[in-house]
Amino acid sequence: DTSMVKIVRMFLALFATLWYTTSQLNSSAPFYIDSNSKSSIIEKMGDTNYYQTPEPKIKYSSADADCLAKNIYFEAGVESTAGKLAVANVTINRKLNKSYPNTICGVVQEGIHYYNAKSEHYVPVKNRCQFSWYCDGRTDIPNEGKTWESSRALAITVLESHYDEELIDITDGAIFYHANWMKKYPSWSKQKIIMASIDRHIFYGNKRKLY
């Protein structure tokens, strides 16, 4: 009977549709592959975090990144990656040291400032700061190009690694440095211990106590 065949076909089509839409293979719930059997699919139920946006890992401000990038750029922009990283290490080490400001920008911009009524900003007194580029009277705006881009990229990498506690300190804890081409080294260098010599800088830590 033709009508009976049509009814049976409709029933089978309806059954197939219901099976497909309710089976695990078409479930909207998250699933994962069992590590013990690559062919088995196991539905993971009750995962409340599945649809939540993960919290960002960024723990530093854009100002932090900019200050660190400028310090790298002006202090070691023409040096190797190791030379740039060493300057970044010293900046981080000072931030962690109680004798210095507890922010990246505070460390980089540490020095004597005065209020400039014309610009309505506090500006550093010339040659009275921790990093010479910041108070040498020249512009603090980097030139666009590979040197600035690499300094900026390294600054971000350093900050991310620092806050994830994965930053490698190639200066071994140094908090001071000076150029190795100076005819006369700073007087303070005699009171410090050399931690590393990288590219054009010599890095120092406080002299260790003798027991």
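Angles between helix axes under 35 degrees count here as roughly parallel, over 145 as roughly antiparallel, 65 to 115 as roughly perpendicular and the rest as oblique. Keep that scale handy for the helix pairs on this tour.

**Before you click**

This is a predicted model, in which local features need pLDDT of at least 70 and side-chain atom pairs count only at pLDDT 80 or more, while totals for chains, interfaces and linings use all residues. Residues are numbered from 1 along each chain as its sequence is written, and side-chain values use heavy atoms, with hydrogens and water left out.

**Stop 1: the whole chain**

Start with a cartoon view. The protein has 5 helices and 7 strands, where helices (H or I, at least four residues) and strands (E, at least two) are DSSP runs, numbered from the N terminus. Walk along the sequence and you will meet them in the order α-β-β-α-α-α-β-β-α-β-β-β.

Next, colour by burial: buried means under 20% relative accessible area, exposed over 50%, and partly exposed in between (1.4 Å probe, protein chains only). Of the 211 residues, 32% count as buried. For contacts, meaning heavy atoms within 4.5 Å, residues 24 or more positions apart account for 51% of those with a separation of 6 or more.

**Stop 2: helix α2**

Select residues 62–76. This is helix α2, with 15 residues. The expected span of a helix is 1.5 Å times one less than its number of residues. For α2 that gives 21 Å, and its end C-alpha atoms are 21 Å apart, so the two agree.

Now show the surroundings. In α2, 11 of the 15 residues are buried, so the helix is largely enclosed by the rest of the structure. Pick out Asp64, Ala65, Cys67, Leu68, Ala69, Lys70, Asn71, Ile72, Tyr73, Glu75 and Ala76 to see these buried positions. What do they pack against? Their partners are α3 (81–96), α4 (104–108), α5 (146–163), β5 (176–179) and β7 (201–206).

**Stop 3: α2 against α5**

Add residues 146–163, helix α5, to your selection. Axes are lines fitted to C-alpha atoms, for helices over the stretch in contact, and angles run from 0 to 180 degrees between N-to-C directions. The axes of α2 and α5 come within 8 Å and cross at roughly 125°, and these helices are therefore oblique to each other.

The crossing is right-handed; a crossing has that hand if the near helix is turned clockwise from the far one by less than a right angle, and is left-handed if anticlockwise. To see the contact, show Ser62, Asp64, Ala65, Asp66, Leu68, Ala69, Lys70, Ile72 and Tyr73 from α2 with Thr147, Trp148, Ser151, Arg152, Leu154, Ala155, Ile156, Val158 and Leu159 from α5. By class, this contact has 11 nonpolar, 3 polar and 4 charged residues. Ala, Val, Leu, Ile, Met, Phe, Trp, Tyr, Cys and Pro count as nonpolar, Asp, Glu, Lys and Arg as charged, and the others, Gly among them, as polar.

**Stop 4: α2 against α3**

Swap α5 for α3, residues 81–96. Here α2 and α3 pack at an angle of about 130°, with their axes 9 Å apart, which makes this pair oblique. The crossing is right-handed. On the α2 side, look for Leu68, Asn71, Ile72, Glu75 and Ala76; they meet Gly83, Lys84, Val87, Ala88 and Thr91 of α3. Sorted by class, the α2–α3 contact contains 5 nonpolar, 3 polar and 2 charged residues.

**Stop 5: α3 against α5**

Hide α2 and bring α5 back. The axes of α3 and α5 come within 10 Å and cross at roughly 45°, so this pair is oblique. Their crossing is right-handed. The contact is formed by Thr81, Lys84, Leu85, Ala88, Ile92, Lys95 and Leu96 from α3 and Ser150, Ser151, Leu154, Val158, Leu159, His162 and Tyr163 from α5. It has 8 nonpolar, 4 polar and 2 charged residues.

**Stop 6: three single residues**

Is Ser189, in the loop between β5 and β6 (192–198), buried or exposed? Ser189 is buried, with a relative accessible area of 10%. Leaving aside residues up to four places away in sequence, Ser189 touches His178 and Tyr204.

For the last two picks, check the backbone. Most residues other than glycine have a negative phi. Asn127, in strand β4 (residues 121–129), has a positive phi of about 60° and counts as exposed at 57% relative accessibility. Asp172, in the loop between α5 and β5, has a positive phi near 60° and is exposed, with a relative accessible area of 53%.
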